[in-house]
Amino acid sequence: PVPVLPQYRVLVPEPAAVESPTSHEVPVPFEALPVRTVLQAQPKVEASPTELANRWVEDFLAALEAHFNASSSNASAKASNDTESWTPERLSEKLEPLKKQIKTVAVTTLSAIVCNLSQVIFQIRAWYTEAAGDLLLVVLGAVPGRMPQPESKSDPHLAMLRILEGLILARAVHHAREQSAKVLEQLLRKRCLPHCTSIRLEAALVSLEPSRSWTGVPDVPLLGETSGDDWLREQARSLEPGADVLFRVDAAQRCVKDIVARVFKDARPAFFGSAINGFATPSSDVDCVVLLGEESEAELIDGGAEDADLHVDAPGAAGATGSRRRDKAIASAAVIRLAEALSTDPVLVASGVTVKEAVLEARVPLLKCETADGVELDISFNNTLPLHNSRLLRAYADLEEHVGMLGRLVKSWAKKRQINDSLQGTLSSYSYIILVIHYLQHIGFLPILQDKSAVPEEMRSLCGELELVDGTHDVWFLDSSRLPADEEAQGFRASVGLEPNSFTLRGLLAGFFFYFAYEVTLHSEVVGIQSKGTVAKADFFAEQARKVEAR
């Protein structure tokens with residue numbers, strides 16, 4: 001039987017004998033229409049920009065996942081249904097249709113694709129290949145300028161920034177440096193990135209093409225420049241803590257010792273941070289780690305019976321991971337006990353130390369306090385690594401007065417710019433000092449004190465700790481102050497000294513900013529003080545992941 005279909009309305013000519021408009025709409029039964037008319041009458045359904053973007057990103061991720069699984073050696077990858085050989089060439093072939101599609105899609109679809117990609121950056125990083133980076137460069141290279149907001153209401157220009165910094169500048173520059181620089185320059189010239197990011201992205205562009213002549217980029221500073229050096233030295237000296245500050249810090253440290261002795265039976269406080277490492281300023285706080293004894297730990301464990309992480313025999317507590325969980329649980333319990341004591345014990349309340357915040361969810365639980373004199377206290381428990389770090393920085397600061405001066409100037413600059421708080425996503429004061437030392441090593445001003453090859457094997461135990469902290473961290477460094485007073489040691493101590501140079505504080509400060517602004521590709525590299533040069537971020541984090549797995 002012929003199905004009953006709704007009537008379509010088509011335009012048909014009006015009979016000539018009737019005086020009326022030349023045409024009008026007349027309902028015609030569907031089955032009466034010619035075949036060609038029926039085909040023309042059916043509406044054409046096209047995918048929306050959102051659907052096209054979703055399909056494109058899904059195909060992209062599916063290809064990356066298949067390639068990752070086929071090239072992985074783990075059991076789940078071997079169980080993959082795709083038995084074909086996924087070579088880099090085959091992945092490129094799979095991604096080629098997606099490249100061609102990008103060149104033809106409407107700008108609304110391209111905007112949706114960019115926004116979708118920015119939501120899966122971490123997954124793309126996990127499956128990243130050079131072919132993936134090449135395709136992402138094609139996507140950003142196709143951006144015509146300012147783009148419309150997709151149906152998801154996401155910001156396509158912020159999404160472009162995420163892709164650019166999270167994938168292109170972090171990974172693609174290692175295999176497609178020239179193309180990455182070209183795409184970055186195009187986006188900057190089209191002004192389609194958030195305006196507040198233009199300065200750092202322009203600096204990144206300069207670091208990608210250092211040999212190119214850039215308008216507005218200053219010349220490399222002269223390290224011996226004397227203009228303004230005297231003024232900078234006065235500023236650096238004014239940043240040193242005065243006698244009144246040192247008195248308040250000393251009083252705060254003595255107060256902490258009394259508090260710890262009252263709350264914990266066999267605990268010992270130790271201090272680190274700016275007050276110890278040689279880079280103190282008038283506003284530096286007091287950092288303290290309380291080393292708990294066995295009796296104190298036993299009391300905390302007994303008092304926290306409901307916390308499974310406190311007990312060695314609890315499920316999941318075995319092994320290194322369980323041990324770290326237990327250590328953190330003990331530290332959290334100690335923070336809580338100390339906070340309660342400072343709030344309820346009349347003797348401790350009379351000390352004037354007030355609790356500001358108990359940070360329990362951080363990697364290292366912390367109690368933030370303040371003394372009656374306004375000195376800020378950060379107290380942690382059983383975290384000994386910062387003690388060794390502070391001694392290392394002190395060893396560098398003691399080598400030459402310019403080290404401490406430069407460090408204080410950089411810390412002051414970062415504080416005034418409000419970019420010295422790691423909790424707000426910027427670098428900590430400790431990290432800025434690491435940058436200072438790295439730069440001074442880069443120009444040959446400072447040696448690498450953690451380089452064991454520079455020290456005869458028989459003398460290593462005399463000038464550094466050979467034992468690993470927490471079984472993982474190598475904290476050895478050449479601490480010449482620990483060497484004995486014999487003639488051989490004194491001769492070796494002299495060999496560690498710095499070579500004469502004509503560097504000025506003004507030249508070092510200008511060189512520091514120029515180096516990190518225009519010479520280091522900070523999006524794709526990390527810096528440290530254990531060796532000269534930089535390390536690719538991908539290699540650094542892969543090594544960190546291997547260390548975590550080995551624990």
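Which helices and strands do the buried residues of α17 pack against? Before the answer, a little background helps. This is a predicted model, in which local features need pLDDT of at least 70 and side-chain atom pairs count only at pLDDT 80 or more, while totals for chains, interfaces and linings use all residues. Residues are numbered from 1 along each chain as its sequence is written, and side-chain values use heavy atoms, with hydrogens and water left out.

Back to the question: the buried residues of α17 pack against β3 (268–272), α13 (274–277), β4 (286–291), α18 (401–416) and α19 (429–442). Helices (H or I, at least four residues) and strands (E, at least two) are DSSP runs, numbered from the N terminus. "Buried" stands for under 20% relative accessible area, "exposed" for over 50%, and "partly exposed" for anything in between (1.4 Å probe, protein chains only). By that standard, the buried part of α17 consists of Pro386, Leu387, His388, Ser390, Leu392, Leu393, Ala395, Tyr396 and Ala397. The helix itself covers residues 385–397, and its 13 residues should span 18 Å at 1.5 Å a residue; the end C-alpha atoms sit 19 Å apart, which agrees. The expected span here is 1.5 Å times one less than the number of residues.

Helix α5 (residues 107–118) can be looked at in the same manner. Its twelve residues reach 17 Å from first C-alpha to last, close to the 16 Å expected. This helix is mostly covered, with nine of its twelve residues buried; among them are Thr109, Leu110, Ile113, Val114 and Cys115. Around these buried residues are packed α2 (49–71), α4 (88–102), α6 (121–126), α7 (130–141) and α8 (156–168).

Zooming out, the chain has 23 helices and nine strands, and 41% of its 551 residues are buried. Contact means heavy atoms within 4.5 Å. Of the contacts between residues at least 6 apart in sequence, 66% join residues at least 24 apart. One pair that is separated in sequence is Ala510 and Leu223: they are 287 residues apart along the chain, yet their C-alpha atoms are 7.9 Å apart in space. Ala510 belongs to helix α22 (residues 505–519) and counts as partly exposed because its relative accessibility is 23%.

What about the surface? The chain exposes about 30,600 Å², with carbon and sulfur atoms supplying 52% of it; accessible areas come from the Shrake-Rupley method with a 1.4 Å probe, and for residues only the protein chains shown count as cover. Val535, Phe540 and Phe541 form a nonpolar surface patch with about 260 Å² of accessible area together. Patches are made of residues with over 30% relative accessible area and no salt bridge (a side-chain nitrogen of Lys or Arg within 4 Å of a carboxyl oxygen of Asp or Glu); like charges are joined within 9 Å, and nonpolar side chains (Val, Leu, Ile, Met, Phe, Trp, Tyr) within 5 Å. Phe541 lies in helix α23 (residues 537–550).

Two loop residues have a positive phi although neither is a glycine. Lys153, between α7 and α8, has a phi of about 65 degrees and counts as exposed because its relative accessibility is 61%. Arg191, between α9 (177–189) and α10 (198–208), has a phi of about 55 degrees and is exposed at 65%.

Finally, the cysteines: zero disulfides (pairs of cysteine sulfur atoms within 2.5 Å) turn up in the whole structure. The sulfur of Cys255 is 9.7 Å from the closest cysteine sulfur, in Cys369, too far for a bond. Cys192 counts as buried, at 0% relative accessibility.
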